[in-house]
Structures are given as C-alpha cells and as structure tokens.
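Me: I would like to go through a structure with you. Could we begin with the residues at its metal site and then move on to the backbone and the cysteines?

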Amino acid sequence: MLILGIESSCDETAAAIYDGARLLSNVVASQKDHIEFGGIVPELASRAHERVIWETVQQALDDAGADAGEIDAIAVTEGPGLMGSLLVGLCFAKGLSVQWNKPVIGVNHIDAHIYAAFIDAKPKLPAIALVVSGGHTQIFHVPSPLNHLLMGNTRDDAAGEAFDKIGKMIGLPYPAGPAIDQLATHGNPGFYDFPRAMMKKGLDFSFSGLKTSVLYFLEKMKPEEKERVLSDHMNDLCASISAAITDVLIYKLQRAIKQAGVKSVIIAGGVSANRMLRRKAAEMAEKQGVELHIPNPEYCTDNAAMIAVTGWFKAQQGLYDDERLKPYARHQWEKYQK
Ligand code: KG4
Ligand code: ZN
C-alpha cells in the first residue's frame, strides 16, 4: 500500500511516500522568507506553501519512482497549525483525491510527531511521549496506537519557542534552536546559572522565566561587557541556556515515566534534534531501564514522512476521511481524552 503524505501546518512544505515498510521519498521545502522577520508570518507562510506545493509533491513522486496511479491514499496534516497554511495542504490533498479517485486521510500533527519514531523502529506501547517543538511542549501517555493522553503541558512558551526567542536576544537568526545546539557543543553548560522552573511541581513546564532571566542577565551588563560575553563566551552562554531547558525536560520526563510505570519512551518534535537533550535522554533511559526512541534528526523537525507513516497506520485501521475533512488550528483535546 503506497501512502502519499503532505505536511503544511507551519513553514515547511513537505511531501513523502511510504509503503508500509520503507520510506520511498521524503522532500522538504523550507521557507526562508521568515528569517528577516525573526519569526513566522502566517500570511507569508501560506503564500509560500501555495507556490511550492505542487513541485514538492511532484518531487516526492519522482524520487520514489512512483506514478500518481500507484498511490493508494493521500494523508495530510489536518491540525493543529496555522489555519492558512493547513488550508493549502488540505485543499491540495482533497484536489488530488478527486483527481486520482483515492481517499484522503487527515493526520493530527502531534500524532505524526510521535509516529516519526516508527519510521525506523518499532517502539513498544504503552509509552510516554515528550513532544517538544516550536509550538508544543507536552508529555503524553500513549496507551495504544493513534491515541495520546495529556499528562503535562507548558504554561507559557514551548521549548522551541524559548530557544528561538532567547536566540534572538543573543543575536542569532530565526530559528535559533539549531544554532544554539551547535554552539553549545563547544561550551561549558555550567558556566552561567539560569533558572529551572517548576521542578518541584507536577508535569507542567514554564519557560518564560528563563527568557526573562536571560533578558535581565544581558540588560544589566554594560555594552562593552555584553559585547565581550557575546563574542568570548557565546558557546558557554548557549551551553548554559541549553542545559537549563534540557534539564527541565528530562526531569519531568523521568517523573512521568515513574508515574505511568511504562518501559518505553519516545521523544519527538523539532527540539528532539537537540544533541544535549538526546545525550541526557539516553543517560536517563539507561538509568531507568526503559527503551528510548528518538527519530533521526531529519524526522524530528516538520516533515511529511511522519504524516505518511501515520496515514499508513490509520489506513490499516480503515480510518479514512472524505471531502468533509476540515482543518483545525488548535488541538482537539476532547478527541484524545478517552
Ligand atoms: O517540529 P518543528 O519543526 O515545528 C513545529 O511544529 O514547531 O520544530 C521547530 C522548532 C524550532 O523552535 C527550532 O528552533 C527547534 O524546533 N529546533 C531545535 C533544534 N532543531 C530544531 N531546538 C534545539 N536544538 C535543535 N537542534
Ligand atoms: Zn511540528
């Protein structure tokens, strides 16, 4: 069974083809227009999706050596995400569905991030999943396929948002997560001491205090001192910021594992590409005796391989949609609280 996956929920236009065992193609067209604005501009994002979606899908078909007639179903991100961006992918998928006479399958973006772990492995369920991206920082209990129950959420910024906003303060271009990750590899994570919020309480997160703390740290310095820190100690600063974010993520993850009593852990979403997080997660998993699954970095950030794979799992259960499929900007929690 060949599934074409289409992703357009944020600023990546992506298409991929999966056959139930192997990924036959995986194309991502990243938008660069947002860099100069220091963040995503929704209207620009939808226009960029519209410009490149056809060639992205065509490229995925070409790379897979597949003919349109061989595709059995079209899986597409239905939400959550930016409404204008989602609409481009969804309308395109519905158009193909009519033209090819093949069913469409709506895929939840959070399910898809979790299912990215199934591209190259077979994680055991039940599992705990930490989804950390620019829009999400949530801990889920995943009792069975295509289900996720919320255990912990961020009260303010998502972890990726914290990386990006703090990165902007220290002069890094958007999105700053990958650059902070890279610079941190050469720095001392204990050089500066930034706060770890809400460690004593539950499974929720808060990253706005860290953002404010870095802001005060920069503001209280004289201009020449700030210049020196940002040139001579940039690596240490990035390592210390990364340490503050990843410590909290790992601590809460560990607490959730104990609470749920599971033996399997999945970390997914753009921030799961972070090297310090991956290293700490591996250490924690070994200590706790749990199996850890983190997708390859290329499947951590937004991509369509995860949409195609999730679509394939839905197809196995006969979960098809039709022309009534609608996008949603916000996650529909009520569907998942069973
Ligand atoms: O999953 P994703 O591609 O899009 C959303 O659904 O948000 O995640 C993007 C986020 C951005 O905030 C980006 O800075 C962050 O993931 N990110 C990273 C790394 N790679 C991407 N953060 C830290 N370290 C990385 N290596
Ligand atoms: Zn995402």
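Reply: Certainly. The model is predicted. His-109 is buried, and His-113 is buried as well.

Me: What coordinates the zinc ion (ligand 2)?

Reply: The zinc ion (ligand 2) is coordinated by His-109 through NE2, His-113 through NE2 and Asp-302 through OD, at 2.0 to 2.2 Å.

Me: What spacing do the donors follow along the chain?

Reply: The donors of the zinc ion (ligand 2) follow H-x3-H-x188-D. His-109 and His-113 are four residues apart in helix 3 (residues 109-115), so about one helical turn separates them.

Me: Why is the arrangement around the zinc ion irregular?

Reply: The four donor atoms subtend angles of 91 to 146°. Four donors count as tetrahedral only if all angles lie between 85 and 135 degrees, and the arrangement is therefore irregular. For reference, the ideal angle for four tetrahedral donors is 109.5 degrees.

Me: Changing topic to the backbone: which residues does a cis peptide bond with an omega of about 5° join?

Reply: That cis peptide bond joins Leu-125 and Pro-126. Pro-126 is found in the loop between helix 3 and strand 6 (127-132). Another cis peptide bond, with omega about -10°, joins Tyr-174 and Pro-175. Pro-175 lies in the loop between helix 4 (159-169) and helix 5 (177-184).

Me: And phi? Where does Asn-101 lie?

Reply: Asn-101 lies in the loop between helix 2 (83-100) and strand 5 (104-108). Its phi is positive, about 60°, although Asn-101 is not a glycine. Most residues other than glycine have a negative phi.

Me: Is Asn-101 buried or exposed?

Reply: Asn-101 is exposed, with a relative accessible area of 66%. Met-198 also has a positive phi, about 55°, and is not a glycine. Met-198 is found in the loop between helix 5 and helix 6 (208-219). Met-198 is buried, at a relative accessible area of 18%.

Me: Now the cysteines. How many disulfides does the count come to?

Reply: The count comes to zero disulfides.

Me: Why is there no bond for Cys-238?

Reply: The closest cysteine sulfur to that of Cys-238 is in Cys-300, 20 Å away, which is too far for a bond. The cut-off for a disulfide is a pair of cysteine sulfur atoms within 2.5 Å. Cys-238 counts as buried, at 0% relative accessibility.

Me: And which cysteine sulfur is closest to that of Cys-300?

Reply: The closest one is in Cys-10, at 16 Å, again too far for a bond. Cys-300 is buried, with a relative accessible area of 0%.

Technical notes. Residues are numbered from 1 along each chain as its sequence is written. Chains are lettered from A and ligands numbered from 1 in the order in which they are written. This is a predicted model: local features need pLDDT of at least 70, side-chain atom pairs count only at pLDDT 80 or more; totals for chains, interfaces and linings use all residues. Side-chain values use heavy atoms; hydrogens and water are left out. Donors are N, O and S atoms within 2.8 Å of the metal (3.2 Å for Na, K and Ca); water is not among the atoms, so sites may look incomplete. Four donors count as tetrahedral if all angles lie between 85 and 135 degrees; four count as square planar and six as octahedral if opposite donors are over 155 degrees apart and all others between 65 and 115; anything else is irregular. Helices (H or I, at least four residues) and strands (E, at least two) are DSSP runs, numbered from the N terminus. Buried means under 20% relative accessible area, exposed over 50%, partly exposed in between (1.4 Å probe, protein chains only).
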